[in-house]
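Student: Could you walk me through a few side chains in this one? I have not looked at it before.

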Amino acid sequence: MSAPGNQLVDVRGNKCRIWEKGSGPALYWLPSPALALKWTRFHEALAARYRLVACCLPGLAGGDGHDRIDSHLDWCLAAKDLLAAAGFRKGDVLMGSSVGGAIAADVAALWPELVERLVLLAPAGLFDMAEPGRDMFAVTTKNAPALFCETPEAYAETLAAPQGDEATLWSIYVNRGNEAAARILWPFGDTRLASRLWRVKAATLILWGQADKVIPPSYAQKFAGHLDGRASVKLIAGAGHLMELDRPEETVAAIAAAFAKERAHA
Amino acid sequence: MPYPDFPPDFKKKHPSVWVDIDPKLFDPVRAHELYNEYLDELEFAAECGFDAICVNEHHANGYGLMPSPNLMAATLARRTSDAAICVLGSSIALYNPPVRIAEEFAMVDCISGGRLIAGFPVGTPMDACYAYGTNPSMLRQRYAEAHEIIRAAWSQKEVFSFNGRFNQLRYVNAWPRPVQQPHPPVWIPGGGSVETWQWCGVQDYVYCYVSYYGYVSAAATMQGYWNEMQRQGKDRNPFRAGFLQFVGVAETREEAVKLYREPAEYFYTRSLHVDPRFATPPGYVTEATQRMKMKSQVKIAADRSQLFGSLQEEMEGILKEGYVVIGSPDEVADQLRRIAKEFNVGNLLLLLQFGNMDKQTTMYNTEMFAKRVMPQLADLFENEWEHKWWPKPLPKAEQTLPRKVAAA
């Protein structure tokens, strides 16, 4: 895997990491904290098909500013400013994972004319008391791999300090990303997105790990229900919450297949 | 104020004593008895001549039955006359608006005639973040703002507006206000966070290291605190610092081991059985503290629970690691003098009731300490240093005592 273009940009006072690699249709991605740590097989597979621009929210991937953002509206504006700084334009694909998915869905709801195509990978943002899932913020380091992934070793490898990095600094880097996610989602991820999803006009693909323990796969249909026929849903077999680590190629293939279908219909 | 009736297999059958503790284990009729016994014990300590009696705040917790320490402080204020009332403390970040704490503390200070020590903890992860839902990433920011409101509410001479990040109050006007002016002494309980040391120095507050694990493991924390005081150019007045220690006194060490074994083992196996998944919500431990490689008390407890569970569960290990100081009055006095001098600590916070210790044993321990240990510690620092962080009550002639109630 060759290294992506990698820069830390200042977006209205927040330092945000942007990774860019590949050519073809532009796909802008708001990753979850874990997927903002390292360039993985999933990133590489996406970059083989698209011009992938991973835009890491404040606090993720060594960025900062998360501790100055207090309201959900300000998080949405920070994401919109970050996407603009990365060059997102009408017609580009917007994708978001987990906490990034919740924010991506909100960007699509708040600026429906701007976002025409949306991909959500196990997005947070809704919460059903009847189906709460497991508490993603109450887990030990030891138990986290099995909570987030069906292939715990893939998670452990992604979270492990790279060779040569000082363990305490890497741990701070990891914790800061998790803190940013908690700042947005605490205590269980309900950003009141349900009341805004009706505004989304984008054709939306919703992907979910069939074995997701954090946000149950049934939430895929809950999202689709709010999107009123503008969404298609696919479950990824053998994948947990972080399907990008469990089944990277299959997840990218599902995205590509949806776009191919879209083009065929066009 | 622990719940003392957990079964021996509690640790095996229940994941945690805190946050998601089984509600079915709580018996309200038993709690009626317990609350009255625990209040009796605190009142007895005041009668025995302790300088202060202390209460604290926990939520969804089987070892601390005081969600509202201020309720306890209010009743203790009425039933005692000389001892300071130390609320260590009220978790100021959790209340909306924080003015509530300014008001309640002022009430206790007025009722007691100026005997309140006001404690402002940041709050444990289990209490603040999991049981009360406060975002761990915002907890310290909320804490700092709540503190600003409370101090302003106590000191401003006019009604004022407060426009903060988390609180918008058009009218702040605390009625009542504390007897002690400009405010009651403020003590901060902490578990080894760098920011808490810095905060105590900047605000000139007392730092209390509230450790479950005794003096052996506390050296690094207390050294870190005093290094920070030195960095800020503060003096080494030992009354700037407090330290919590479990203590058991009897005529001989053998008798003490026999008497306090069960309560100590109960505490470390059942009262402190915290699920480690609640130890470190994201953002709770600040980056400065992570850089210092310091850990919160709860994280230490959780780590030990996972790694060294067998060591801490038996009396021999508990004593070896210094979790509990135990022995004859002279032995206990010697150990506490050594701890106080080594850590340069002027305020010893003593846990004389722990685990499932019954009322009779607690009162024995309390009386033994007051009569036989306390006199040996009285001259430790007082000739050299002024205690600037102690309550200044009204003169006796100005104090109103509760009317004696005739037996019904």
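**Around a buried aspartate**

Tutor: Gladly, and keep in mind that this is a predicted model. A good place to begin is Asp212(A), where a polar atom of the side chain lies 3.0 Å from the backbone nitrogen of Ile215(A).

Student: Where in chain A is Asp212(A) found?

Tutor: Asp212(A) is found in the loop between β7 (203–209) and α7 (219–227) of chain A.

Student: And which side chain has a polar contact with the side chain of Asp212(A)?

Tutor: That is His241(A), whose side chain is joined to the one of Asp212(A) by a polar contact of 2.7 Å. Leaving aside neighbours within four places in sequence, Asp212(A) is in contact with His241(A) and also with Ala122(A), Pro217(A), Ala239(A) and Gly240(A).

Student: What is the nearest side chain of opposite charge, and how far away is it?

Tutor: It is Lys213(A), at 7.8 Å, and Asp212(A), although buried, has no salt bridge.

Student: Switching to rings, how many aromatic pairs are there over all chains?

Tutor: A search of the whole structure finds 38. One of them is edge-to-face, formed by Trp19(A) and Trp39(A), with 5.9 Å centre to centre and 85° between the planes. This pair links distant parts of the chain, since Trp19(A) is in strand β2 (residues 14–21) and Trp39(A) is in the loop between β3 (26–30) and α1 (41–47), 20 residues apart.

Student: Is Trp19(A) buried or exposed?

Tutor: Trp19(A) counts as buried because its relative accessibility is 7%, and Trp39(A) is buried as well, with a relative accessible area of 14%.

Technical notes
Residues are numbered from 1 along each chain as its sequence is written. Chains are lettered from A and ligands numbered from 1 in the order in which they are written. This is a predicted model: local features need pLDDT of at least 70, side-chain atom pairs count only at pLDDT 80 or more; totals for chains, interfaces and linings use all residues. Side-chain values use heavy atoms; hydrogens and water are left out. Rings of Phe, Tyr and Trp (its six-membered ring) pair if their centres lie within 6.5 Å; planes under 30 degrees apart count as stacked, over 60 as edge-to-face and the rest as tilted. Helices (H or I, at least four residues) and strands (E, at least two) are DSSP runs, numbered from the N terminus. Buried means under 20% relative accessible area, exposed over 50%, partly exposed in between (1.4 Å probe, protein chains only). Lys and Arg count as positive and Asp and Glu as negative; His and the chain ends are not counted. A salt bridge is a side-chain nitrogen of Lys or Arg within 4 Å of a carboxyl oxygen of Asp or Glu. A polar contact is a pair of N or O atoms within 3.5 Å; within protein, one must be able to donate a hydrogen and the other to accept it, and residues adjacent in sequence count only if both atoms are side-chain atoms. Contact means heavy atoms within 4.5 Å.
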